[in-house]
Amino acid sequence: MRFIPVLFISLLLWSCSTEPKNTFTSVSVTPVFSDSLSIRAIAPIDAHKVWFAANEGMVGFIDGTTPKLATIKYEDSFLHFRAIATIENAVFVLSISNPAVLYKIGFDGRSATFIEEVYFEEGERVFYDSMAFWNDKEGIAMGDPTDGCLSVIITRNGGNSWEKLSCDLLPPVTEGEAAFAASNSNIAIYGEHTWIATGGKRARVFHSPDKGKTWEVFNTPIIQGKAMTGIYSIDFYNEKVGVIFGGDWEDKAFNEGNKAMTNDGGKTWKLISNGAGPGYRSSVKFVPGSSGKGLVAVGSPGISYSADEGRSWSELSTEGFFALEFVNDSLAYASGQYKIAKLKFQQ
């Protein structure tokens, strides 16, 4: 007679444990910075501080609501930045096109202490898209192909110097396959694993299990074949569970073949809410602490949220953004045209 209540209690506890920790019903959007800039790269330090990189050579640090800004030129031209990454005592910004220039900016927790050029690349096809670090010593940036493979540069010494990988070490790309510098989220990192997402004529996921030493590539069901179709953003909750999001930039409402998830580290991908939910989005992130179930995706059409691994979605806001970065399980920064805002998600 004691078996039934014990079984009932066990089932109840198991059922409760599988529920998402956070189920958002709304979001408040609080502006923290505005200027006539296109801001596609942000890197929060904590709930009150965020770095950003933008066009017109602008790099900034927002402390509360106080901006500290710098304008960077190369020779007589403003550089345009869409990639940013931080380590404990420095921030890195990388310009998108010819020439590509990567700067290391020293940071003491409150202010920039120095700036130095740590990588330079010239070439007609040079175009860098995003950047991330595995730890305070090792980092990676990626860009469009220049010679039959993706452009991948890696540092192993805290960003003091960077080396471009030979195409002998990378899977070849197909004609018309590249990436989008839309939100600094073409790269996802978990542990020693790295994933890079592409778009255009092909939409694939490149994977390295060992911090960029070896690589393989996997196909995806994301819409592809035109210059502005493909994967715009990738994120991983752990080494197995990941999400890709994108679509057709020229038809932002189209919601078929634009979002997918993997449960095997990126080897296979399955479309989620195909033909339902949001269309084009430029940045997607797992909600921290959601057991891989919570997703937030932002784009110029608005802010979308799913609590069930992308099976169903709610539109929390029609305010458009390009990029999204979480600080904790309910607070994020987002950037877009002329603005950076703090997003507070509410249950």
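The chain in this predicted model holds one helix and 30 strands. Its radius of gyration is 20 Å, close to the 20 Å that the globule rule gives for 347 residues, so the chain is as compact as a globular protein of that length. Taken along the principal axes, the box filled by the C-alpha atoms is roughly 80 × 45 × 40 Å. Of the 347 residues, 55% are buried. The accessible surface adds up to about 14700 Å², and carbon and sulfur atoms own 51% of that. As for how the chain meets itself, take the contacts with a separation of 6 or more: 50% of them are made by residues 24 or more positions apart.

With so many strands around, sheets are a natural place to look next. One open sheet is built from four strands in the order 7-8-9-10, with antiparallel pairing. Strand 7 (81-87) and strand 10 (112-121) sit at its edges; each has a single partner strand, so one side of each goes without a neighbour in the sheet. On average, and ignoring direction, neighbouring strands here are turned by 20° against each other. Inside this sheet, strand 8 (residues 90-95) and strand 9 (residues 100-107) run antiparallel and are joined by five bridges. One pairing to pick out by eye is that of phenylalanine 92, whose bridge partner in strand 9 is lysine 104.

A second open sheet also has four strands, this time in the order 25-26-27-28, and its pairing is antiparallel. Here the edges belong to strand 25 and strand 28 (314-317), and since each has a single partner strand, one side of each is left without a neighbour in the sheet. Neighbouring strands in this sheet are turned by 25° against each other on average, again with direction ignored.

Strand 26 (residues 295-299) deserves a slower look. Five of its five residues are buried, so the strand is largely enclosed by the rest of the structure. Its side chains split between two directions: Leu295, Ala297 and Gly299 point one way, Val296 and Val298 point the other way, and all are buried. On one pairing, strand 26 meets strand 25 (residues 283-286) in the antiparallel sense over four bridges, and in that pairing valine 284 stands opposite alanine 297. Strand 26 also runs antiparallel to strand 27 (residues 302-306), with five bridges joining the two. Valine 296 has tyrosine 305 of strand 27 opposite it. The link from strand 26 to strand 27 is a hairpin through two residues.

The connection on the other end of strand 26 brings in serine 291, which lies in the loop between strand 25 and strand 26. Serine 291 has a relative accessible area of 48%, so it counts as partly exposed, the class that stops at 50%. Aspartate 251 is 40 residues away from serine 291 along the chain, and the C-alpha atoms of the two are separated by 32 Å.

Next come the cysteines. A search of the whole structure turns up one disulfide, and the pair involved is cysteine 149 and cysteine 167, with an S to S distance of 2.1 Å. Cysteine 149 belongs to the loop between strand 12 (139-143) and strand 13 (151-155), while cysteine 167 belongs to the loop between strand 14 (163-164) and strand 15 (177-178), so the pair ties together parts that are 18 residues apart in sequence. The torsion about the S-S bond is about -80°, which makes the disulfide left-handed. The two partners do not share an exposure class: cysteine 149 is buried, with a relative accessible area of 4%, whereas cysteine 167 is partly exposed at 28% relative accessibility.

Finally, there is lysine 49, found in strand 2 (residues 49-54). Is this lysine buried or exposed? With a relative accessible area of 13%, lysine 49 falls below the 20% limit and is therefore buried. What does lysine 49 contact, leaving aside its neighbours within four places in sequence? Its partners are Pro44, Phe61, Ile62, Asp63, Gly109, Arg110 and Tyr333.

Key:
Residues numbered from 1 in each chain as written. Predicted model: local features only at pLDDT ≥ 70, side-chain atom pairs only at ≥ 80, totals over all residues. Heavy atoms only, no water. Buried < 20%, exposed > 50% of the residue type's maximum accessible area, 1.4 Å probe, protein only. Contact = heavy atoms within 4.5 Å. Disulfide = S-S within 2.5 Å. Pairing = 2+ DSSP bridges. Rg over C-alpha atoms; globule rule 2.2 N^0.38 Å. Areas by Shrake-Rupley, 256 points an atom, 1.4 Å probe, with all protein chains shown as cover. Axes fitted to C-alpha atoms, helices over the stretch in contact; angles between N-to-C directions.
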